[in-house]
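Biologist: I'd like to learn how to read a protein model step by step. Could you put one up so we can go through it together?

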Amino acid sequence: MTRGPTFWIVALAIAGATVGLYVEHRRANPSPPDGMTVAEVGDVAPDVTYVAIDGTPHRLSEWRGRRVLINFWASWCAPCRREMPLLSAASDRDHGRKVAILGVAEDTAADAARYLAERPVNYPVLLVDSDAPGSSLSFGNTRRVLPYSILIGDDGRILRRKLGGFSAAEIDEWLAP
């Protein structure tokens, strides 16, 4: 059976569309760098070390036994800056419950400190390099978009991930018992 030109045009169009979809998928969901382990929902969060702006190291396990919302941000990120007051208000409301909110700045210490001097928050803010263990990338942010948040259960397992900013209602829903 011979196939006419219409068959070959359709076949070529399907092949092109398939390649295009694959390329777009890889662009939107790039692989992490070689050697980087990415923790998935359901995994136990790695016990990484973060550094406070004053240089004090903190291990993630310091907050074990609580639900922990980690919000990755940067001083140059407008959506991050918009949600920080919401996170601060939630931290006030949930103070005393077994909930912790941590801000992890993928930023320089100087830029984060300058921003926080102008707009302080009432939850711990820590620093991490964007390609280091404990960065948003190592928690599944392969698109490298901020803000990015994860919720860790009191057993240390990753419960949820979110790319993009929170509304007040979403924060409340994430932190609800």
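Biologist: Let's start with a pair of strands. In which sense do β3 and β6 pair, and over how many bridges?

Modeller: The general idea comes first: strands of a sheet pair through backbone hydrogen bonds, either parallel or antiparallel. Here, β3 and β6 take the antiparallel sense, over 5 bridges. You can find one spot to look at: Val 68 stands opposite Ile 152 in β6.

Biologist: What pairing does β6 have with β7?

Modeller: Antiparallel again, with 5 bridges between β7 and strand β6, residues 148-152. Look for Ser 149, which stands opposite Lys 162 in β7. The hairpin of β6 and β7 has 5 residues between the strands, and there Gly 156 takes a positive phi near 90°.

Biologist: Okay, zooming out now. In what order do the 7 strands sit in the sheet?

Modeller: The order is β2-β1-β5-β4-β3-β6-β7, in an open sheet with mixed pairing. At the edges you find β2 (57-59) and β7 (158-163); each has a single partner strand, so one side of each has no neighbour in the sheet. Neighbouring strands are also turned against each other, by 30° on average if you ignore direction.

Biologist: And which strands does helix α2 touch?

Modeller: Helix α2, residues 78-93, packs on the sheet and touches β3 (67-73) and β4 (99-105). Its direction makes about 160° with that of β3.

Biologist: How do helices and strands alternate along the sequence?

Modeller: Write it as a string of symbols: α-β-β-β-α-β-α-β-β-β-α. That covers 4 helices and 7 strands.

Biologist: Next topic: burial. How many residues of β6 are buried?

Modeller: 5 of its 5 residues, so β6 counts as mostly covered. Check the side chains too: Tyr 148, Ile 150 and Ile 152 point one way, Ser 149 and Leu 151 point the other way, and all are buried. For the whole protein chain, buried residues make up 40% of the 177 residues.

Biologist: What about a helix? Which residues are buried in α4?

Modeller: In α4, residues 168-175, they are Ile 171, Trp 174 and Leu 175. Look down the axis of α4 and its buried residues fall within an arc of 90°, so they line one face of the helix. Among the elements covering them are β3, α2, β4, β6 and β7.

Biologist: Let's try a loop residue. Is Ser 75 buried or exposed?

Modeller: The cut-off you need is that buried means under 20% relative accessible area. Ser 75 has 15% relative accessibility, so Ser 75 counts as buried. You'll find Ser 75 in the loop between β3 and α2. Setting aside neighbours within four places in sequence, Ser 75 is in contact with Arg 81, Asp 107, Asp 111 and Tyr 115.

Biologist: Last thing: where is confidence lowest, and where is it highest?

Modeller: Good one to ask, since this is a predicted model. Where pLDDT is low, the predicted coordinates should not be read in detail. In this chain, confidence is lowest in helix α1 (residues 5-28), with a mean of 63, and highest in β6, at 97. Across the protein chain, the mean pLDDT is 86, and 85% of the residues reach 70 or more.

How values were computed
Residues are numbered from 1 along each chain as its sequence is written. This is a predicted model: local features need pLDDT of at least 70, side-chain atom pairs count only at pLDDT 80 or more; totals for chains, interfaces and linings use all residues. Side-chain values use heavy atoms; hydrogens and water are left out. Helices (H or I, at least four residues) and strands (E, at least two) are DSSP runs, numbered from the N terminus. Buried means under 20% relative accessible area, exposed over 50%, partly exposed in between (1.4 Å probe, protein chains only). Two strands pair if DSSP finds at least two bridges between them. Axes are lines fitted to C-alpha atoms, for helices over the stretch in contact, and angles run from 0 to 180 degrees between N-to-C directions. Contact means heavy atoms within 4.5 Å. pLDDT is the predictor's confidence in each residue, from 0 to 100. The arc is that of the directions from the helix axis to the C-beta atoms.
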